[in-house]
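Please open the model in your viewer, with the sequence panel alongside, and keep the selection tool ready. The stops below are meant to be taken in order.

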Amino acid sequence: MSFWDQIEPYWELITAGIAILGPILSLATIGWILVAKKNPTSAVAWCLLVFMLPLIGPLFFLLFGYQHVSRPLSRKRRHRQAFMQKGIPATEQAVSGEAQQMEDRTPATSVQAASWEEISRLARRFGASPVSTGNDLVLYHEGHAAFAAMLEAIESARHHVHLETFIFRPDATGLRFLEALTAKARQGVEVRLLYDAMGTHRLQRGVLRSLRQAGGRVSVFLPLNILRRRMQINMRNHRKVLVIDGRVGFTGGMNVGDEYQGLSARFGYWRDTQIRLEGPAVAGLQRIFAEDWDFAAHEDLQEPAYFPRLNSDGPYPVQVIESGPDREEKGIREIYFAAILRARRRLWIASPYFVPDAGLLDALCLAGFLGVDVRLLGLYHPDKWIPYFAARYYWNDVLQAGVKVYQYTKGMLHSKVVLVDGEWASVGSANLDNRSMFLNFEANCLIYSPEAVAELERAFLGDLQDSIRLERHAYRHRPLPSRLLDNACRLLSPVL
């Protein structure tokens, strides 16, 4: 007897139960939303979703929307407060003190006009490191060169290797990194690998056995556990940080996997942006890793050996900023907002996922109306369909404001770059979407250097050569089914 034959006698009872339970569950969930959600736009969107999908909507909110009062978030907030009260090593204090003195002494230097000093001070208010001069900076626009540099840095390690990533694939690229990490661990170098439980859910413990046996340490950020109701889809660690001996650091958009080298048939060519730092700014990346590692592995890494005093002879001023749902102020979001408002000549943005909140959307439209050269580079070949269709809805708004919207056709665009007036840039892990701004843990580098920005602008213009530009009037009159789909996916924008 089949399953359907077994439940057929109870079918009327089941449908009646669903008809009664659905409205009750929807009303209870709507009340929950009104209490939990401070943002009115987010609250309205979730209420509409629950109302339209009586059983599925509450399940979506439980999985994607409920995060501000959850136990893991409360624990992360308590941990952050305790971690900050521990203080920082004297070596890092010296670097931070020198950087702050530089900011106080030179309110308008050749590399940082007064307007950008305001941005740097604002970032400090949101917990960013001070702007540090004396950094060397190398930009990578493809995975092959970036991974080669990262592996070379790992092989040069003498004291420690700290790797934090959202995705760590057990493919050829991931195994190559594991071999390099294991080799260093066998040499007595301290190796620590931190990955996100949701982003790296397919990584089996057996793959990491050799690294652990060699003395390397591995930890998982917010592990998933159905029995203990730990299935938090939000609050994921989306940061990508590699620190070698406290002296060399990498960050940007690249996780560890074949697709980031363009080796995946599904994604094809992969366009991304990664930074190699050498200088005082590395202490900011180390601070981020140390806090996340302490939270996940309960090991304090605040000794001076992890924060060596670094020579300040490089030409690039850099500031490291982090954000996450454990902070009331969403630092990266506020810096994006402030930088958009400060743009006077041009504002160029590359982001694979474009689902802005109302404030960021208004700021972008205002810049377009004011005649700023605003260019937005997004996806043509999406890896996630719902965020893609939601982005299409917002593309229409910015197009009407005079923003130029481009779709990258060469392959997968994964860069997260904001370029303003040829003077300032942000490069890191944060997309221009609600998930990065409010729900995930992110890390970016703010660059106050016309020379570095010029290189990023050249790469951006090269990307436009491999893109198509949307025509405003034609896009506005796209077919009705397409517009309906975009509008439907837009309802999920609070969690995209």
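This tour goes through two sheets, the helices that pack on them, two helix pairs and a pocket.

Before selecting anything, bear in mind that the model is a predicted one.

**The nine-stranded sheet**

Begin with the open sheet of nine strands, which you can colour in the order E1-E10-E19-E17-E16-E11-E13-E14-E20, and in which the pairing is mixed. At its edges select strand E1 (132-134) and strand E20 (467-469), each of which pairs on one side only. As you step across the sheet, the twist from one strand to the next averages 20 degrees.

Now select residues 373-379, strand E13, together with residues 404-408, strand E14; these two strands run parallel and are joined by five bridges. Which residue of E14 is the bridge partner of Leu 376? Showing the backbone here should lead you to Val 405.

Add helix H12 (residues 331-342), which packs on this sheet and touches strand E10 (314-323), strand E11 (346-350), strand E16 (417-420), strand E17 (424-428) and strand E19 (442-447). The direction of H12 makes about 125 degrees with that of E10. Helix H14 also packs on the sheet, where it touches E13 and E14, and its direction makes about 150 degrees with that of E14.

**Two partners of H14**

Keep H14 (385-400) selected and add helix H13 (residues 358-369), whose axis comes within 8 Å of the H14 axis and crosses it at roughly 30 degrees. Because angles under 35 degrees count as roughly parallel, H13 is described as roughly parallel to H14. Display the side chains that make this contact: Leu 361, Leu 364, Cys 365 and Phe 369 belong to H13, while Tyr 394, Asp 397, Val 398 and Gln 400 belong to H14. Sorted by class, the contact has six nonpolar residues, one polar and one charged.

Next, replace H13 with helix H18 (residues 480-490), whose axis comes within 7 Å of that of H14, with a crossing of roughly 110 degrees. H14 and H18 are therefore roughly perpendicular to each other. On the H14 side select Ile 386, Phe 389, Ala 390, Arg 392, Tyr 393 and Tyr 394, which meet Ser 482, Leu 485, Asp 486, Asn 487, Cys 489 and Arg 490 of H18. This contact comprises seven nonpolar, two polar and three charged residues.

**The seven-stranded sheet**

Move on to the open sheet of seven strands, ordered E2-E9-E7-E6-E3-E4-E5, again with mixed pairing. Its edge strands, E2 (136-140) and E5 (217-221), each pair on one side only. Neighbouring strands of this sheet are turned by 10 degrees against each other on average, when direction is ignored.

Within this sheet, select strand E7 (residues 248-252) and strand E9 (residues 274-278), which pair in the antiparallel sense over five bridges. Thr 251 stands opposite Ile 275 in E9. Then add helix H11 (residues 282-297), which packs on the sheet and touches E3 (160-165), E4 (190-196), E5, E6 (241-244), E7 and E9. The direction of H11 makes about 80 degrees with that of E5.

**The largest pocket**

For the last stop, turn to the largest pocket, in which about 1100 Å³ of space lies. Of the 38 residues that line this pocket, select those closest to its centre, namely Phe 166, Ile 167, Tyr 353, Lys 384 and Arg 435. Helix H4 (56-65), helix H14 (385-400) and helix H15 (434-439) each supply at least two residues of the lining. If you colour the lining by class, you will find 18 nonpolar, nine polar and 11 charged residues.

Notes
Residues are numbered from 1 along each chain as its sequence is written. This is a predicted model: local features need pLDDT of at least 70, side-chain atom pairs count only at pLDDT 80 or more; totals for chains, interfaces and linings use all residues. Side-chain values use heavy atoms; hydrogens and water are left out. On a 1 Å grid over the protein atoms alone, a cavity is a set of points where a 1.4 Å probe fits but cannot get out, and a pocket is an open set with protein on both sides within 12 Å along at least five of seven lines; lining residues have an atom within 4 Å of a point. Grid points are joined across faces, edges and corners, and a volume is the space filled by probe spheres set on the points. Helices (H or I, at least four residues) and strands (E, at least two) are DSSP runs, numbered from the N terminus. Ala, Val, Leu, Ile, Met, Phe, Trp, Tyr, Cys and Pro count as nonpolar, Asp, Glu, Lys and Arg as charged, and the others, Gly among them, as polar. Two strands pair if DSSP finds at least two bridges between them. Axes are lines fitted to C-alpha atoms, for helices over the stretch in contact, and angles run from 0 to 180 degrees between N-to-C directions. Contact means heavy atoms within 4.5 Å. Angles under 35 degrees count as roughly parallel, over 145 as roughly antiparallel, 65 to 115 as roughly perpendicular and the rest as oblique.
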